[in-house]
Amino acid sequence: MFGDVLIRVEHWANANDQGAVAARNLLAGPENAEPFTDVPSFATHVHGARIQVAGLPHLADEARLVTGALEDDRFAVGLSRAGVLVGAVAVNSPKDLILLRRGIISRSSAEASHPCLSAARPGNSSE
């Protein structure tokens, strides 16, 4: 999913998802096997804030505020590499993370992944 970059994701959800794909591939046989292309993600609560991360933000060469405002403690950031969305971080903005995660899966740009950017209305939030 992320080119030739080797990644190691050490999270229990990723291990569960890999196991399910491995079992399906075992039953399907080599000619019908599908690669594991899930987008890693995790979420936590810190000091009353819901923080969610999807993709591989460390691969990004650009970060862009997609919606909300830092001072409002409600925002989402799209992280791109060569113009392609590779990660997202959302604070108290779960619906925005869902949109950005879909963009990571489809290998879109941040602008194509979120209506606030594609409509040229930065700062708006999708409620």
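Which backbone oxygen does the side chain of Asn-25 reach, and at what distance? The legends below take up that question, along with several other views of this predicted model.

**Figure 1. Overview of the predicted chain and its confidence.** Let's start with the whole fold: the protein chain holds four helices and five strands. Read from the N terminus, the order of elements is α-β-β-β-β-β-α-α-α. Of the 127 residues, 34% count as buried. Among contacts with a separation of 6 or more, 45% are between residues 24 or more positions apart. The mean pLDDT of the chain is 84, and 82% of the residues score at least 70. Confidence peaks in strand E2 (residues 49–55), at 96, and is lowest in helix H4 (residues 115–118), with a mean of 58. Please look at residues 119–127 with some care: pLDDT stays under 50 there, and the model has 20 contacts beyond four places in sequence for this stretch.

**Figure 2. Close-up of Asn-25 in helix H1.** Here is the reply to the opening question: the side chain of Asn-25 reaches the backbone oxygen of Glu-34, at 2.7 Å. Asn-25 belongs to helix H1, which spans residues 12–28. With neighbours within four places in sequence set aside, Asn-25 is in contact with Ala-33 and Glu-34. Glu-34 also serves as a reference point for Ala-22, another residue of H1. The C-alpha atoms of Ala-22 and Glu-34 are separated by 8.9 Å, and the two residues are 12 apart along the chain. Ala-22 is partly exposed, at 45% relative accessibility, whereas Asn-25 is listed with the buried residues of H1.

**Figure 3. The two sides of helix H1, buried and exposed.** Helix H1 has 17 residues and reaches 24 Å from its first C-alpha to its last, close to the 24 Å expected at 1.5 Å a residue. Its buried residues are Asn-14, Val-21 and Asn-25. These residues cover an arc of only 40° around the axis, which puts them on the same side of H1. Turn to the face away from that buried side, and you meet the exposed residues Trp-12, Leu-26 and Leu-27. Just after H1 comes Gly-29, with a positive phi of about 90°.

**Figure 4. Helix H2 and its buried face.** Helix H2 (residues 94–106) has 13 residues and reaches 19 Å from its first C-alpha to its last, close to the 18 Å expected at 1.5 Å a residue. Asp-96, Leu-97, Leu-100, Gly-103 and Ile-104 are the buried residues of H2. Seen down the helix axis, these residues fall within an arc of 120°, so they line one face of H2. Leu-97 is a good residue to zoom in on: at 7% relative accessibility, Leu-97 counts as buried. Leaving out residues up to four places away in sequence, Leu-97 touches Gln-52, Ala-54, Ala-88, Val-89 and Ala-90. The C-alpha atoms of Leu-97 and Ile-51 are separated by 9.9 Å, with their positions 46 residues apart along the chain.

**Figure 5. The salt bridge between Arg-101 and Asp-38.** A search of the whole structure turns up one salt bridge. The partners are the side chains of Arg-101 and Asp-38, at 3.5 Å from N to O. Arg-101 sits in helix H2 and Asp-38 in the loop between H1 and strand E1 (41–46), so the pair ties together parts that are 63 residues apart in sequence. Arg-101 is partly exposed, at 24% relative accessibility, and Asp-38 is partly exposed too, at 29%. As background, side chains of opposite charge can pair when their charged atoms come close.

**Figure 6. Positive phi at His-47, Asn-92 and Arg-107.** Which values of phi should you look for here? Most residues other than glycine have a negative phi. His-47 has a positive phi, near 50°. His-47 is placed in the loop between E1 and E2 and counts as exposed, at 83% relative accessibility. Asn-92 also has a positive phi, of about 50°, although Asn-92 is not a glycine. Asn-92 lies in the loop between strand E5 (84–91) and H2. At the other end of H2, the helix is followed by Arg-107, whose phi is positive, near 60°.

Definitions and conventions: Residues are numbered from 1 along each chain as its sequence is written. This is a predicted model: local features need pLDDT of at least 70, side-chain atom pairs count only at pLDDT 80 or more; totals for chains, interfaces and linings use all residues. Side-chain values use heavy atoms; hydrogens and water are left out. The expected span of a helix is 1.5 Å times one less than its number of residues. Buried means under 20% relative accessible area, exposed over 50%, partly exposed in between (1.4 Å probe, protein chains only). The arc is that of the directions from the helix axis to the C-beta atoms. A polar contact is a pair of N or O atoms within 3.5 Å; within protein, one must be able to donate a hydrogen and the other to accept it, and residues adjacent in sequence count only if both atoms are side-chain atoms. Contact means heavy atoms within 4.5 Å. pLDDT is the predictor's confidence in each residue, from 0 to 100. A salt bridge is a side-chain nitrogen of Lys or Arg within 4 Å of a carboxyl oxygen of Asp or Glu.
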